[in-house]
Amino acid sequence: REDFVFGLEKFEREARTLARFKHPNIVEVRRFFRANGTAYIVMKYEKGVDFETVIESPDNMYEDDLRAIIGPLLDGLAAVHSQGFLHRDIKPSNIYIRAGDFSPVLLDFGAARAALKTRSQKMTALVTPGYAPFEQYSSDGNNGPWSDIYGIGAVLYAAVTKDRPREATERMAALVKGKPDPQIPAAKRSEKLFSADLLAAIDWALKVPEQDRPQTVAEFRDALGI
């Protein structure tokens, strides 16, 4: 019961935080209310498809189209970070592509679930294998903007390779044992399809130790050249 009440309070705080954001690339929260012994967030309905559907299509993605999605996504993420907030659950299914103008919108922030993890080890589905950075597997991990940047890098890796990145825990275990990283770099897998600058930026964002990644969205943007 105590964990539930704690989680409910964090959920409400997350809703109120999200409601402050009025950004075209962040899901719009219109209402929060408590009922039936729990709580609800009402969000603006967006018509389109999630990015996972786009990635899973048999057609290869063009770099210009991918860059057109990355830029606005990073704009939204920078706005979130500027308020001291993290998304914590960036993955293709949490990025929606609008039907009208094909602009992206970030959905389903994971802050409330992450906060509850510090209270209860019974919580599951707090990380998505392949898209979550290593520090997110621990309740006391050093999370920051670099953690969301790993998620964005993982989404881009999936977009350019048509394959999910290897799980961060598997990669860290290999590094600790002095073995090669089991993940094949994007620069090697997709070198004939995308520019070297884009692929190098993706691989940088996907470094396992958090200190080896871009530390801010601005750093990542510079590497991408957007």
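These legends accompany four close-up views of a predicted model.

**View 1. Glu210, a buried acid in a loop without a salt bridge.** Welcome to the stretch that links helix H8 (196-205) to helix H9 (217-224), where Glu210 is found in the loop. Glu210 is buried, yet no salt bridge is formed by this residue. Which side chain of opposite charge is nearest to Glu210? It is that of Arg213, 4.8 Å away, and a salt bridge would need a side-chain nitrogen of Lys or Arg within 4 Å of a carboxyl oxygen. Once neighbours within four places in sequence are set aside, the contacts of Glu210 are Glu135, Asn142, Trp146 and Gln215.

**View 2. The buried face of helix H9.** Follow the chain onward to H9 and look for Val217, Phe220, Arg221 and Leu224, which are buried. Why do these buried residues line one face of the helix? Viewed down the axis of H9, they fall within an arc of 100°, so they share one face. The general background is handy here: an α-helix has 3.6 residues a turn, so residues three or four places apart point the same way. As for partners, the buried residues of H9 pack against helix H3 (63-82), helix H5 (145-161) and H8. Just after H9 comes Gly225, with a positive phi of about 75°.

**View 3. The hairpin of strands E1 and E2.** Here strand E1 (residues 29-35) and strand E2 (residues 38-43) run antiparallel, joined by six bridges. To find your way along the pair, pick out Arg31, whose bridge partner in E2 is Val42. Two residues separate the strands of this hairpin. In the turn, Asn36 adopts a positive phi of about 55°.

**View 4. An open three-stranded sheet with helix H3 lying across two of its strands.** The strands of this open sheet come in the order E3-E4-E5, with antiparallel pairing. Strand E3 (48-50) and strand E5 (104-106) are the edge strands, each pairing on one side only. On average, neighbouring strands of the sheet are turned by 30° against each other, direction ignored. Between strand E4 (residues 95-98) and E5 there are three bridges, in the antiparallel sense. A useful landmark is Ile97, which stands opposite Pro104 in E5. Finally, H3 lies across E4 and E5 and runs at about 30° to E5. You may recognise H3 from the second view, where the buried residues of H9 pack against this helix.

Technical notes:
Residues are numbered from 1 along each chain as its sequence is written. This is a predicted model: local features need pLDDT of at least 70, side-chain atom pairs count only at pLDDT 80 or more; totals for chains, interfaces and linings use all residues. Side-chain values use heavy atoms; hydrogens and water are left out. Helices (H or I, at least four residues) and strands (E, at least two) are DSSP runs, numbered from the N terminus. Buried means under 20% relative accessible area, exposed over 50%, partly exposed in between (1.4 Å probe, protein chains only). Lys and Arg count as positive and Asp and Glu as negative; His and the chain ends are not counted. Contact means heavy atoms within 4.5 Å. The arc is that of the directions from the helix axis to the C-beta atoms. Two strands pair if DSSP finds at least two bridges between them. Axes are lines fitted to C-alpha atoms, for helices over the stretch in contact, and angles run from 0 to 180 degrees between N-to-C directions.
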